[in-house]
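Student: Could you take me on a close look at one part of this chain? I would like to start from a single residue and work outwards to what surrounds that spot.

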Amino acid sequence: ALSLVQVVIEASLTYTSLTKPPPFLPSGMRGAGTATAISWAVLAVLATAMRAWRSWKKKKEEEEEEQIQAGAPLDEALLHSYDTNEDDDNVNIKNMFYTFLADGVRHFVRSLALQASFLAATLVVASVDSTALAAHQIILTLWLVTSYAVDGVADAVTILGSKLSSARDNEEQEDERRHEYTIKIRHLLGRASVHAVAISSSIALAFAFAPHSTVRLFLRQADHDKVMSDLFGRGSRVSPWAVLIAAQPINAFAFLADGALAASQSFGIARNIMCWGLLVFAVVLGTYLAAQKYHPSETHEYLTTLAAVWTAKTLMNVVRSSSGMAHSLLFWAPTPSS
């Protein structure tokens, strides 16, 4: 349901930005990026609010159950509970609100960093020519479509990992039970990694063995040769298409790491990782553009602008995948007592 809300908001704002944008929304590609960031921010706020409400409801049910087991009449127990804990509950709700609001801001910053990389990539390629921009759009579409295939595995990690992590961190849980939950979480990450690698490897193989058939889905015959030349990097050693193929398993672990970070509610870590990834993207792309300015022929021999953009995006995801998975494994490390 939340994903549907996010899609509706993003689609509506994107359409508005491309037709009659309001004053707060830029037009064109910038508006589309802003629409995506806004939709993800709304999704984060709604998700955290729902989590807060469920946590509060669960706590109330547990208090009622404890009072019933203690033998006190239900109405009297509830009145006693409300009288003695009303102030504490108000403080807890207020703290939870500020915590979830802060998490929403962190997620918003993370989304802005991600969209900034896509916007910068599009602007750089658009400065070359329209053919390069068309090739860029094909890779971008395939990049996003394949990410949705692995996002299902990442969502499963978020849902199941959140449940197991909450059970593990229960204060009444014995050390032995905590260890069992920790092992289950790590097994979940292992199984999800196998599925993610299998899916991404299958996609990479399809791209490797049927490149022309895949590209023809997006092209008319009149544009075929020019765009093909840009996609397959004729005249340079590294082609954008090769970068797309090599990026598939890296992307899979990046999306899986996002799901694991969400399961552990490490929104601040996720924001920091994305910002560091954006910095790597900017440094790599900036270095290429500087080299292209002073040594254009030598630079183009190794990388075209399109290949450089997607190489920078891939290295950004290397940071996301390695840092995110490392944090998750450390966060869910077995306790010393176990």
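Tutor: Glutamine 265 is a good place to begin: with a relative accessibility of 41%, this residue counts as partly exposed. That label covers the range between buried, which is under 20% relative accessible area, and exposed, which is over 50% (1.4 Å probe, protein chains only). Before we go on, please keep in mind that this is a predicted model, in which local features need pLDDT of at least 70 and side-chain atom pairs count only at pLDDT 80 or more, while totals for chains, interfaces and linings use all residues. Residues are numbered from 1 along each chain as its sequence is written, and side-chain values use heavy atoms, with hydrogens and water left out.

Glutamine 265 sits in the loop between α8 and α9. Helices here are DSSP runs of H or I with at least four residues, strands are runs of E with at least two, and both are numbered from the N terminus. The backbone of glutamine 265 deserves a look too, with a positive phi of about 55° although the residue is not a glycine. Most residues other than glycine have a negative phi.

Serine 266 belongs to the loop that links α8 (240-263) to α9 (267-294). Is serine 266 buried or exposed? Serine 266 is buried, since its relative accessible area is 8%. Its side chain makes a polar contact of 3.1 Å with the side chain of histidine 327. A polar contact is a pair of N or O atoms within 3.5 Å; within protein, one must be able to donate a hydrogen and the other to accept it, and residues adjacent in sequence count only if both atoms are side-chain atoms. Once neighbours within four places in sequence are set aside, serine 266 is in contact (heavy atoms within 4.5 Å) with Leu261 and His327.

Histidine 327 takes us on to α11, as His327 is one of the α11 residues that meet α9. Let us look at the packing around that helix, beginning with α8. The axes of α8 and α11 (residues 305-331) come within 8 Å and cross at roughly 30°. These axes are lines fitted to C-alpha atoms, for helices over the stretch in contact, and the angles run from 0 to 180 degrees between N-to-C directions. The two helices, α8 and α11, are therefore roughly parallel. By convention, angles under 35 degrees are roughly parallel, those over 145 roughly antiparallel, those from 65 to 115 roughly perpendicular, and the rest oblique. The crossing of α8 and α11 is left-handed, meaning that the near helix is turned anticlockwise from the far one by less than a right angle, whereas clockwise would make it right-handed. The residues of the contact of α8 with α11 comprise 16 nonpolar, eight polar and two charged. For this split, Ala, Val, Leu, Ile, Met, Phe, Trp, Tyr, Cys and Pro are nonpolar, Asp, Glu, Lys and Arg are charged, and the others, Gly among them, are polar.

On the other side of the loop in sequence comes α9. The axes of α9 and α11 come within 8 Å and cross at roughly 155°, so α9 and α11 are roughly antiparallel. Their crossing is right-handed. Among the residues making this contact are Ile269, Ile273, Phe281 and Tyr288 of α9, together with Ala308, Met316, Val319 and His327 of α11. The contact of α9 with α11 divides into 16 nonpolar, six polar and two charged residues.

Tryptophan 276 of helix α9 is exposed, having a relative accessible area of 56%. Tryptophan 276 and methionine 316 lie 40 residues apart in sequence and 8.1 Å apart in space, C-alpha to C-alpha.

A further partner of α11 is α4 (residues 130-168): the two helices pack at an angle of about 5°, with their axes 13 Å apart. α4 and α11 are therefore roughly parallel to each other. Their contact includes Ala135, His136 and Trp143 in α4 and Val309, Trp310 and Lys313 in α11. Its residues divide into nine nonpolar, four polar and two charged.

Leucine 142 is also placed in α4, and with 8% relative accessibility it counts as buried. Setting aside neighbours within four places in sequence, the contacts of leucine 142 include Phe207, Trp241 and Leu244.

Finally, the setting for all this: the chain has eleven helices and zero strands, and buried residues make up 38% of its 338 residues.
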